[in-house]
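Visitor: I would like to learn how to read the strands, loops and backbone angles of a model. Where should we begin?

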Amino acid sequence: MSDLNVGLTPWEFADLSAENLVKQAQFAEKQGYDSIWLPENHFGANAIPDPLTLLAAIAGGTNKIRLGTTSYLLTLRNPLQAAEQVAVLDQLSKGRLILGVGRGYAPDMLKAYHVPPAQKRRIFSWALEIMKDAWSGEPVTLDDNEENAVVVYPQPFQKPWPPLWVAAFGPKALAQAGKLGLPYLCSPMESLQTLRGNFEVHRAEVVAAGLDLPEVVPLMRSVFVSEDQTLLKKVKHEVESKTENARLKTDEGVEDWVIIGEPNYVRDRLHQYQEELGMNYLVATRVRVSGIESKIMEESILLLADICLLYTSDA
């Protein structure tokens, strides 16, 4: 499959130990996957409130796979400290970080951090600008008082900073991502029809801001590949019963937001996303179905690697 980079999220989230995360990342690296991605979430079972710490563990156990955050929430953090922590991880990994940033969408979570939900886009923009200035080596301050300005060290390994992608929901967030000229990282829970409109909004805002369209067009999709028709039927049925968080319209079904099928079907669907949306970077997330053995998930990952021409001779 031409011009397509492919990353993965871990497929075992029940065990977030360094040992288990590194094991999964090493498996993905061996198959030739470009990156491994972690979300940020709070106040739930298996929460990942600090993805950079977990990615640092992965960095120490891998050699070349890139390390990504699907949504590092700038609204919850002191931007000076966030700039330092991001730079430390980029240095630690020798420039393997891709920083997907976001605002957070759950009002209860934002309120717990004393972030007014109506102000999240303003705070996000303020924090990101401070972080970019800090990474550029400029004196920065949180209160516009030059007497309090500091220069942040270390600087990121990548210059001027790691690649920035913006996770976005809704027209206001899409517009903000477009005005920044940064790649838009979509939710895996939205349908292809919805994504068509989202990418149109994003691209229109980039053009209106007088900026170049981003070269990277990432897409998050839940993917499961198998040659076992009975297993595929079971997985589809399980996914269909858990669509409460999917952002589907009344006439849309499971095929509109997940990719579940045998290799030829998956290959065709990925071609469709490339042709219709310009996707050139797939972040393949796990299907949220309980009870699938790790071995079966790894078989899916091997098949996806083969589909995307990533499978290496020593795998």
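Guide: Helices and strands here are DSSP runs, numbered from the N terminus, with at least four residues for a helix and at least two for a strand. This is a predicted model, and in it Pro154 lies in the loop between α5 (120-135) and β5 (164-167).

Visitor: Which residue is joined to Pro154 by a cis peptide bond?

Guide: The partner is Tyr153, and omega of that cis bond is about -5°. The loop between α5 and β5 also holds Pro160, where the peptide bond from Lys159 is cis, with omega near -5°.

Visitor: What is the sign of phi at Asp144, which is not a glycine?

Guide: Phi of Asp144 is positive, about 65°, and this residue, too, is found in the loop between α5 and β5. Since exposed means over 50% relative accessible area, Asp144 counts as exposed because its value is 72%. Phe43, in the loop between β2 and α2 (51-61), likewise has a positive phi, near 65°, without being a glycine, and at 59% relative accessibility Phe43 is exposed.

Visitor: In which sense do strand β1 and strand β9 pair, and over how many bridges?

Guide: Strand β1 (residues 5-8) pairs with strand β9 (residues 281-285) in the parallel sense over four bridges, and Val283 of β9 is the bridge partner of Gly7. With strand β2 (residues 35-38), β1 pairs in the parallel sense over two bridges, and in β2 the bridge partner of Gly7 is Ser35. Between β1 and β2 the chain passes through helix α1 (residues 18-30), in a β-α-β crossover that is right-handed.

Conventions: Residues are numbered from 1 along each chain as its sequence is written. This is a predicted model: local features need pLDDT of at least 70, side-chain atom pairs count only at pLDDT 80 or more; totals for chains, interfaces and linings use all residues. Side-chain values use heavy atoms; hydrogens and water are left out. Two strands pair if DSSP finds at least two bridges between them. A crossover is right-handed if, with the strands pointing away from the viewer, the path from the first strand over the helix to the second runs clockwise. Buried means under 20% relative accessible area, exposed over 50%, partly exposed in between (1.4 Å probe, protein chains only).
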